[in-house]
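Student: Could you take me through one part of this structure up close, starting with where its aromatic rings meet and then working outward? I'd like the whole picture in one go.

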Amino acid sequence: KGKVIIPAFSVGRTQQIVYVLHELTCAGTLPRVPIFVDSPLSTRASEIYTRNRAILRPDLDATLCNGERPFEMANLTYIRDAEESKKLNDRHEPMVIISASGMAEAGRIRHHLKNNIGDKKNLLLFIGYCAEGTLGSQLSNGNSPVNIFGEPYNVKARVVSLDTYSGHADKNELRQ
């Protein structure tokens, strides 16, 4: 019933999670809620992925559902403009916000955290590594309150960390 806030690295991780959200939506596991990629760099990187999807994964278009490409779903919006980004925090319906940076140290994600971690309906989902001492690490470790922009904020949102998404190649990928 709340927002899912996902701090993500702009290149690779954002596109990976958008693809997974597309698969979950197609499978009926995830309701068709609005998904926002809120980062100019993530948006530019996603455009490159879209233009070069056959190079990245030749069978990517075979995963289409409802005639939608994974990076161009009807419920997916890319946000470049800072004013549009701020408007997300005034909305109260369920949604997914994917924003940089992945460790929550900089970028628009800090504004989304500031405005949303105090609501127990919301979920903060970490999908990547967070170095010790970063805001992402503090949240993942269950710290509360946490300082954002020098102000303390109590964490009431649920915090989940998934370590299944790696930005590093495995043995086979290194050979390729």
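Tutor: Let's start with the rule for rings: those of Phe, Tyr and Trp (the six-membered ring, for Trp) make a pair if their centres lie within 6.5 Å, with planes under 30 degrees apart counted as stacked, over 60 as edge-to-face, and the rest as tilted. Bear in mind that this is a predicted model. By that rule, the count comes to one aromatic pair. The partners are Tyr-49 and Phe-71, with 5.9 Å from centre to centre and 75° between the planes, an edge-to-face arrangement. Tyr-49 sits in helix α2 and Phe-71 in the loop between α3 (53-56) and β3, so the pair ties together parts that are 22 residues apart in sequence. How covered is each partner? Phe-71 is buried, with a relative accessible area of 7%, while Tyr-49, at 21% relative accessibility, counts as partly exposed. The cut-off for buried is under 20%, so Tyr-49 at 21% falls in the partly exposed class.

Stay with α2 for a moment. Thr-43 also lies in this helix, which spans residues 40-51, and at 3% relative accessibility Thr-43 counts as buried. Setting aside neighbours within four places in sequence, Thr-43 is in contact with Val-37, Tyr-78, Ile-79 and Arg-80.

Just past those contacts in the numbering comes Asp-81, in the loop between β3 and α4 (82-88). Asp-81 is partly exposed, with a relative accessible area of 41%. Its side chain reaches the backbone nitrogen of Glu-83 at 3.1 Å. Asp-81 and Pro-40 are 41 residues apart in sequence, yet their C-alphas are 7.7 Å apart in space.

Val-37, one of the contacts of Thr-43, leads us into the strands. Val-37 stands opposite Ile-98 in β4, and β2 and β4 pair in the parallel sense over four bridges. β4 also pairs with β1, again in the parallel sense, over five bridges, and there Val-4 stands opposite Val-96. β4 itself is mostly covered, with five of its five residues buried. Met-95, Ile-97 and Ser-99 point one way from the strand, Val-96 and Ile-98 point the other way, and all are buried.

Now for helix α1. What covers its buried residues includes β1 (3-7), β2 (35-38), α2, β3 (76-79) and β4 (95-99), which brings back several elements we have just met. Ten of the 14 residues of α1 are buried, so the helix is largely enclosed by the rest of the structure. Among the buried ones are Arg-13, Gln-15, Val-18, Tyr-19 and His-22. In its dimensions, α1 (residues 13-26) reaches 20 Å from its first C-alpha to its last, close to the 20 Å expected at 1.5 Å a residue. After α1 comes Gly-28, whose phi is positive, near 80°.

Next, the nonpolar cores. In soluble globular proteins, nonpolar side chains tend to be buried together. The largest nonpolar core here has 18 residues, and the members that touch the most others are Leu-113, Ile-117, Leu-124, Leu-135, Leu-139 and Val-146. β4, α5 (109-116), β5 (123-126), α6 (135-140) and β6 (146-148) each supply at least two residues of this core. Take Leu-124: beyond residues up to four places away in sequence, it touches Ile-5, Pro-7, Leu-113, Ile-117, Leu-139, Arg-158, Val-159 and Val-160. A second, separate core of 17 residues includes Val-18, Ile-35, Met-73 and Ile-127. Val-18 is also one of the buried residues of α1.

One last stop is the loop between α6 and β6, where Ser-144 lies. Ser-144 is partly exposed, at 39% relative accessibility. Leaving out neighbours within four places in sequence, Ser-144 is in contact with Tyr-153, Asn-154 and Val-155. The side chain of Ser-144 reaches the backbone nitrogen of Val-155 at 2.8 Å. From Ser-144 to Lys-156, the C-alpha to C-alpha distance is 8.5 Å, and the two are twelve residues apart in sequence.

Definitions and conventions:
Residues numbered from 1 in each chain as written. Predicted model: local features only at pLDDT ≥ 70, side-chain atom pairs only at ≥ 80, totals over all residues. Heavy atoms only, no water. Buried < 20%, exposed > 50% of the residue type's maximum accessible area, 1.4 Å probe, protein only. Contact = heavy atoms within 4.5 Å. Expected span 1.5 Å × (residues − 1). Core = buried A, V, L, I, M, F, W, Y, C linked by side-chain atoms within 4.5 Å. Pairing = 2+ DSSP bridges. Polar contact = N/O pair within 3.5 Å; in protein donor to acceptor, adjacent residues only side chain to side chain.
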